[in-house]
Amino acid sequence: MSIINMVLFMEEEFDGEILDSIIKSYGGNKQLTEWVVEKSDACFWVRHRLIENDVESKEILTDIIQSSSEEIKNWKMKSAIFIQPSKDMNAIFLATSFCKFLYQNLNKNKNVLLYHGQSGIFINEQIENLRFENSSKFYDFRMINHILLEKMINDLIQEFSWIIECYEDDEGWDGKEIQYTDLLKNLFMIRSDIHMNLHLISPKQVENLKQVDKKILSILSIDSEKLSVFAGRDKRNAPLMEWWWHLDMVNSGELSVDLEAGTVKRSST
């Protein structure tokens, strides 16, 4: 289709000045022909097009419609917003958060479609329910099932293994502490989504999930700067069973995590 990573198509003929106001409220800065949003050492670029005047928008929309339902084929899309994340490790998380924020500011009486090269097509309220399968792919949280959970668990094993490998190869965080802290926070969010759906996973996946948790504890153990502790600072009110948000307590010994027994206990001292 296109090298553009995300595109929002709207029936609403979106006013450029309104878009400017929305992006500015999200922290964006206007450049010559587009906006740039930078947060936590990650960024993405935004540009707005009226579909009737833009060849690229028409081509992407045509490709999408050919493989879509009859309902979508009858929609009269007028505007397109292109969102291009950078290659920074948290850029997809940031760009997706912006898409959800943007949708909240749109006219809900008009249809909206989000296309993402990795994740597929999402329409209307599905955009409000986007959650992450891994650091580059999202899904509608209401559609979670055992197959998706298996993928999420396996992906987390790989992602945490990669973080450990990077730390060991660079003998530290190589000046990317902010990026790694936010990445850990985002991965912990995926871990919490899995925790909410433990009833859907098989005994085999329970064992694989222990491997995920061993990776989290390994990161806590090897990291002298304790970025994994900082990653949970905004989620300290989470239940103690979601102990990855409470690594400050695990690190101090106040909280004991027994992965084999599946227990989390406060220290008796």
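Student: Which residues on the other side of H1 are exposed?

Tutor: They are Glu17, Lys24 and Ser25. This is a predicted model, and a residue counts as exposed when its relative accessible area is over 50%.

Student: What makes Leu19, Ile22 and Ile23 the buried residues of helix H1?

Tutor: Buried means under 20% relative accessible area, and in H1, residues 16–25, the residues that meet this cut-off are Leu19, Ile22 and Ile23. Seen down the axis of H1, they fall within an arc of 95°, so they line one face of the helix.

Student: Why would residues three or four places apart point the same way?

Tutor: An α-helix has 3.6 residues a turn, so that spacing brings them round to the same direction.

Student: What do the buried residues of H1 pack against?

Tutor: They pack against strands S2, S3, S4 and S5, and also against helix H4. H1 lies across those four strands and runs at about 15° to S3.

Student: How do you know that S4 and S5 pair?

Tutor: Pairing needs at least two bridges. S4 and S5 are joined by 7 bridges, so they meet the definition. They run antiparallel, and arginine 49 stands opposite alanine 80 in S5.

Student: Why are S2 and S7 called edge strands?

Tutor: The open sheet has 7 strands in the order S2-S3-S4-S5-S1-S6-S7. S2 and S7 each pair on one side only. The twist averages 20° from one strand to the next.

Student: What makes S10 and S11 a pair?

Tutor: They share 4 bridges in the antiparallel sense, and at least two are needed. In their hairpin, glycine 262 takes a positive phi near 70°.

Methods: Residues numbered from 1 in each chain as written. Predicted model: local features only at pLDDT ≥ 70, side-chain atom pairs only at ≥ 80, totals over all residues. Heavy atoms only, no water. Helix = DSSP H or I, 4+ residues; strand = E, 2+ residues; numbered from the N terminus. Buried < 20%, exposed > 50% of the residue type's maximum accessible area, 1.4 Å probe, protein only. Arc of directions from axis to C-beta. Contact = heavy atoms within 4.5 Å. Axes fitted to C-alpha atoms, helices over the stretch in contact; angles between N-to-C directions.
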